[in-house]
Amino acid sequence: MSQTITIDPVTRLEGHGKITIQLDGQGEVESAHFHVTQVRGFERFSEGRPFYEMPGLMARICGICPVSHLIASAKACEAIMSVRIPHTAAQLRRMLNLAQMVQSHALSFFYLASPDLLLGMEADPAVRNVLGVAAAKPEMARAGIALRRFGQHIIELLGDKRIHPGWVVPGGVTEPLAAAKRDEILAMLPEAYANVGLALNVYKQITDEFRDEIEVFANFPSPYLSLINEDESIEFTDGALRLIDAEGNTIEDGMTAARFAEVIGEAVEPYSYTKFPYYKPLGYPEGCYRVGPLARLNIAKTMGTPKADVELAEFKQVAPGPVASSFHYHHARLVEIFYGIEKIEEILADPKILDKHVRATAGVNRLEGAGQAEAPRGVLHHHYKVDENGKMLWANLVIATGQNNNAMNRGVLQAAKHYVKDGKFTEGILNRVEAVVRTFDPCLSCSTHAFGQMPLALELVSAAGEVQDRIRRD
Amino acid sequence: MPTPRVRCLILACGNSLRGDDGVGPWLAAWAEERFRANPDVRVILRQQWTPELAEEIAHAEFAIFIDSSLESDPGETLVVPVAPEPRGAALATHHLSAGELLGLTQELFNFLPRNALLLTVGADSTELKEELSDAVKAALPQACAEIERLALRREANSGP
């Protein structure tokens with residue numbers, strides 16, 4: 001008699017998802033799937049709009065990473081316009097994207113993951129949340145809140161809005177940086193360094209307590225994809241894509257946005273609205289890869305900033321080649337926060353950062369364009385086709401969470417096989433299976449969040465449809 | 001303990017695309033304009049109250065929370081004291097109640113404003129539209145007068 005365990009919705013994610021675990025007649029895990037149960041539809045309703053509206057429209061996809069959509073969309077528009085944006089505009093966009101990365105990673109690490117890491121996977125679910133962290137480790141909760149504020153405030157200073165700033169436009173940005181705003185950001189840096197330093201120290205002290213989780217949390221060899229600069233330093237906004245194999249060998253390099261669709265295909269599965277991108281030469285599913293902080297740190301040879309390079313060197317000591325366990329996404333996020341703060345400081349020291357020339361203008365010079373950037377969760381690709389008047393005819397978006405879809409599913413299966421035995425589960429086991437997904441920090445569709453509290457139910461259902469066991473959180 | 005940087009903090013929330021849920025944004029815009037020249041009053045508007053706001057509250061002598069209410073009659077304006085609530089089992093990353101925010105402020109910063117009040121306006125409809133209902137529109141003058149009275153009074157620790 002086969003049984004199905006359903007975790008619906010999965011909690012502490014950006015959006016709504018569901019996990020089903022299918023047991024065989026002996027009560028052992030047979031298969032497991034992570035379902036994304038929301039529909040986006042942004043590609044379709046952008047059709048017919050003027051292409052220059054796209055950054056503002058696309059930013060509405062997400063309330064956590066609108067900046068990445070703004071930038072990838074603006075770059076796709078600039079490919080249609082055939083313009084190169086001014087140096088200062090490129091630097092300001094880079095700073096905006098890094099600020100978003102810092103606040104998004106802070107949300108993921110401090111609000112969503114730290115309850116598991118600091119309070120324990122088996123902690124009472126009633127306190128296993130950010131308020132529980134505030135009670136048990138107030139200094140960590142304060143650090144998380146401050147880093148969120150740091151990133152959000154920079155976004156607000158640059159774009160005049162914390163969420164969905166309209167400052168990034170095709171051709172550059174609408175306003176140059178004022179000296180007073182530069183000085184305000186510089187004044188925030190010491191506290192930001194201190195807060196991420198505290199988090200890194202705490203994380204390194206507790207990592208050993210999670211040896212079991214590290215072993216089975218999506219721990220398998222896979223290819224990795226991320227942007228990288230020509231000097232092999234990490235990059236979030238420009239550069240080109242590199243794909244490495246599980247041993248760290250480069251299998252695709254210098255991949256521009258225009259080449260993305262030649263190299264990356266998209267498969268679909270009947271159980272999820274999210275697509276499954278894969279590297280075409282390897283086929284599906286063998287060509288599925290991972291993106292995001294783990295991929296970026298596995299691919300980069302250097303962060304390009306001295307303090308973060310020390311942290312990268314320590315991170316790379318985890319394994320002789322690419323770090324395979326997705327549990328280490330948490331560590332990678334903290335290293336990237338450190339880098340983001342340091343890089344922002346470096347950008348603000350650019351002698352041209354207050355330059356007034358921040359926007360190039362042009363009309364439609366090509367009928368097709370693509371742009372890419374690193375969102376906090378990984379590579380984000382926008383691809384547009386327009387008519388000669390600039391009206392949108394077609395759009396395709398490849399988001400980071402989709403690119404991690406296969407790895408999340410494999411990870412859920414790996415953890416479920418390890419933890420669920422004889423058809424029995426506990427709340428702690430349920431949480432660990434969810435926690436595998438949380439390591440990827442998937443953003444399923446932030447713009448359609450439910451209002452209020454999300455309940456969680458896990459049911460064990462027999463082949464006859466009878467509920468044999470149930471755990472529910474209200 | 002943090003040093004108060006502002007005498008009165010007005011914290012409004014709501015979504016102007018959801019009918020009467022837009023009363024918070026409307027009143028925040030009004031308060032921003034009304035107190036623009038008054039350094040004692042700070043106005044913050046968010047679609048939802050999130051944990052980051054605890055730090056702002058920790059620097060205020062007096063907090064006025066503004067929200068719509070589905071429990072009151074349409075247009076009914078109420079002002080009630082807010083007490084810090086203990087930690088709940090909610091996810092608490094994207095939305096907190098006024099009481100939970102106060103509880104988090106106390107937990108993190110060992111500080112509470114000397115007084116905290118919640119002003120609510122009863123909602124008639126929160127369906128998708130960018131206009132307030134007639135009942136809520138009619139309540140706006142009273143709500144504005146309440147906010148003005150509360151924000152300008154000298155004693156921050158008196159009741160509603």
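## Cavities

On a 1 Å grid over the protein atoms alone, a cavity is a set of points where a 1.4 Å probe fits but cannot get out, and its lining residues have an atom within 4 Å of a point. The structure is a predicted model, in which local features need pLDDT of at least 70, side-chain atom pairs count only at pLDDT 80 or more, and totals for chains, interfaces and linings use all residues. Residues are numbered from 1 along each chain as its sequence is written.

The whole structure holds three cavities of 30 Å³ or more, a volume being the space filled by probe spheres set on grid points joined across faces, edges and corners. The second largest cavity contains about 50 Å³ of space. Its lining consists of A113(A), D116(A), L117(A), M121(A), F217(A), F327(A), H330(A), A435(A) and R438(A). Helix 4 of chain A contributes the most to this lining, with three residues; helices are DSSP runs (H or I, at least four residues), numbered from the N terminus.

## Helix 11

In helix 11 (residues 306–315) of chain A, the buried residues (under 20% relative accessible area, 1.4 Å probe, protein chains only) are A308(A), E311(A), L312(A) and F315(A). Because they cover an arc of only 105 degrees around the axis, they lie on the same side of helix 11 of chain A, the arc being that of the directions from the helix axis to the C-beta atoms. On the other side of helix 11 of chain A, P306(A) and V310(A) are exposed, that is, over 50%.

Methods:
Chains are lettered from A and ligands numbered from 1 in the order in which they are written. Side-chain values use heavy atoms; hydrogens and water are left out. Helices (H or I, at least four residues) and strands (E, at least two) are DSSP runs, numbered from the N terminus. On a 1 Å grid over the protein atoms alone, a cavity is a set of points where a 1.4 Å probe fits but cannot get out, and a pocket is an open set with protein on both sides within 12 Å along at least five of seven lines; lining residues have an atom within 4 Å of a point.
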